[in-house]
Amino acid sequence: MSALALPNRPLGLARDVISTPRTYFWSTPIILALTIFMLIWEGPGVVRDFQISQNPLVLENGDVRNGQCKTRKAIFTDCEAQLVYSYKGRSYSTDVEVMFVDFHVGDYETGLVISADHPELATMTLALDKLWNRIITLMVFVLLLGGSSLAMVFLALRIQRVRRQLRHPARLTAVPVEITAFDRKRNILSITYNDKIADDKTGRSAYTRMTSGEEPLVIGEANGKAVGLAVRHGDTALPVLLDDRLQRIDLTDEERATALAPFAHQREDGQSHPVLIEEPRKTVSIRRRLQAFFGTLLLIVVGVLGFWLWYVTSSPTPFQSPGMDINNLMPAPLNRWGCDQLKKRFGQDRAPFGCVASDYRSWK
């Protein structure tokens, strides 16, 4: 790294040399709102079911109405039902909704359970079976979402503190920083850089915007990333990335020319002057796109056929969804063969959807 010759006195910096990423202003409240939503949506149900689990009482004559479960993203399942029951001469009705993580395929069986101490508290037996699953799922969501929002608030407050400190002159120390990302839009160059190269590195990232044709003072390359020259302002938490004309530092024209001299000599000696160059956008040919499309389509077809074969030959129950739906959509010869396989194993039971006759009970 070429030496940066700065005057031996406190120096001021231009305004707004450290910026707050715009995403902080809209993503932080959204993430925080999602955290609150998760707590309001799942928290009361988890607390209720934990109370019920302390002294549960299963009601054999309880009525679970309109029960249904939906699986999203393959593992997130939410179930809801209306619970109607009577206990000690008093009638109760309540709606229950629970969410948990499961790799289950097929239907769920559930009953009605209440708290023997507080009979007005009722839930599904499925909800108690998955209680710790639900507690852990809720905790993970709250910790991830809440932790992310709090971290973003902390980082925004740190940026504001640094900006206040930069208003006052202080001694500057030159340090190299890794430029991790940059973007050019509407004559504004947005740069994210990381303090992880200097001997006294902090590992912290900072964000800045350069306008009016400003470019960062790039001094080399490391690990495939451009290396820029920044300065530490006293004991502030974040270094400030410099521009290639040192307009961000309050210097006289003579001091600025002296500080830039080593970098000018470097270019005169034939050494290349590193600059930020955007990588060309990679395009995918039509042939590649067609291959990807038909390859994905083939995988889907193979997966559906494989699941259908498992359903008609090995499923532990004929009332398995989406096996019934796939079997019903099969061409007549395959549907007939599939129904024959199911009938060999479950012929004593009523027929499932896709194999049922006109009376909706017997096998076709």
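1. The expected span of a helix is 1.5 Å times one less than its number of residues. Helix 1, residues 23–54, has 32 residues and should therefore span 46 Å; in this predicted model its end C-alpha atoms lie 45 Å apart, which agrees. The helix nevertheless has a kink of about 35° at Glu-42, shortly before the proline Pro-44.

2. The model contains two disulfides. A disulfide is a covalent bond between the sulfur atoms of two cysteines. With the bonded cysteines numbered in sequence order, the pairing reads 1-2, 3-4.

3. One disulfide joins Cys-69 to Cys-79, with an S to S distance of 1.9 Å. Cys-69 belongs to strand 2 (residues 63–72) and Cys-79 to strand 3 (residues 76–87), and the two cysteines are ten residues apart. The torsion about their S-S bond is about 115°, so this disulfide is right-handed. Are the two partners buried or exposed? Cys-69 is partly exposed, because its relative accessible area is 36% and the partly exposed class runs between 20% and 50%. Cys-79, by contrast, has a relative accessible area of 1% and is buried, since buried means under 20%.

4. The other disulfide links Cys-339 and Cys-355, with an S to S distance of 2.1 Å. Here the S-S torsion is about -90°, so the bond is left-handed. Cys-339 is part of helix 7 (residues 332–346), whereas Cys-355 is in the segment after helix 7; the pair therefore ties together parts that are 16 residues apart in sequence. Both ends are buried: Cys-339 has 5% relative accessibility, and Cys-355 has a relative accessible area of 0%.

5. The second largest pocket has a volume of about 280 Å³. Which residues are closest to the centre of this pocket? Of the 18 residues that line it, they are Gln-68, Cys-69, Gly-106, Asp-107 and Tyr-108. Cys-69 is thus a lining residue as well as a partner in the disulfide with Cys-79. Strand 2 and strand 3 each supply at least two lining residues, and strand 2 gives the most, with six. By class, the lining comprises seven nonpolar, eight polar and three charged residues.

6. Two residues merit a check of their backbone angles. Most residues other than glycine have a negative phi. Lys-88, which is not a glycine, has a positive phi near 55°. Lys-88 is placed in the loop between strand 3 and strand 4 (90–101). With 74% relative accessibility, Lys-88 counts as exposed, because the exposed class begins over 50%.

7. Leu-246 likewise has a positive phi, of about 55°, although it is not a glycine. Where is Leu-246 placed? Leu-246 sits in the loop between strand 12 (240–241) and helix 4 (253–268). Its relative accessibility is 0%, so Leu-246 counts as buried.

8. A final point concerns Val-301, which is in helix 5 (residues 286–314). At 41% relative accessibility, Val-301 counts as partly exposed. Val-301 and Ser-205 are separated by 96 residues in sequence and by 46 Å in space, C-alpha to C-alpha.

Methods
Residues numbered from 1 in each chain as written. Predicted model: local features only at pLDDT ≥ 70, side-chain atom pairs only at ≥ 80, totals over all residues. Heavy atoms only, no water. Disulfide = S-S within 2.5 Å. Helix = DSSP H or I, 4+ residues; strand = E, 2+ residues; numbered from the N terminus. Buried < 20%, exposed > 50% of the residue type's maximum accessible area, 1.4 Å probe, protein only. 1 Å grid on protein atoms, 1.4 Å probe; cavity = no way out; pocket = protein on both sides within 12 Å on 5 of 7 lines; lining within 4 Å. Points joined across faces, edges and corners; volume = space filled by probe spheres on them. Nonpolar A, V, L, I, M, F, W, Y, C, P; charged D, E, K, R; others polar. Bend = angle between axes of the 7 residues up to and from the residue.
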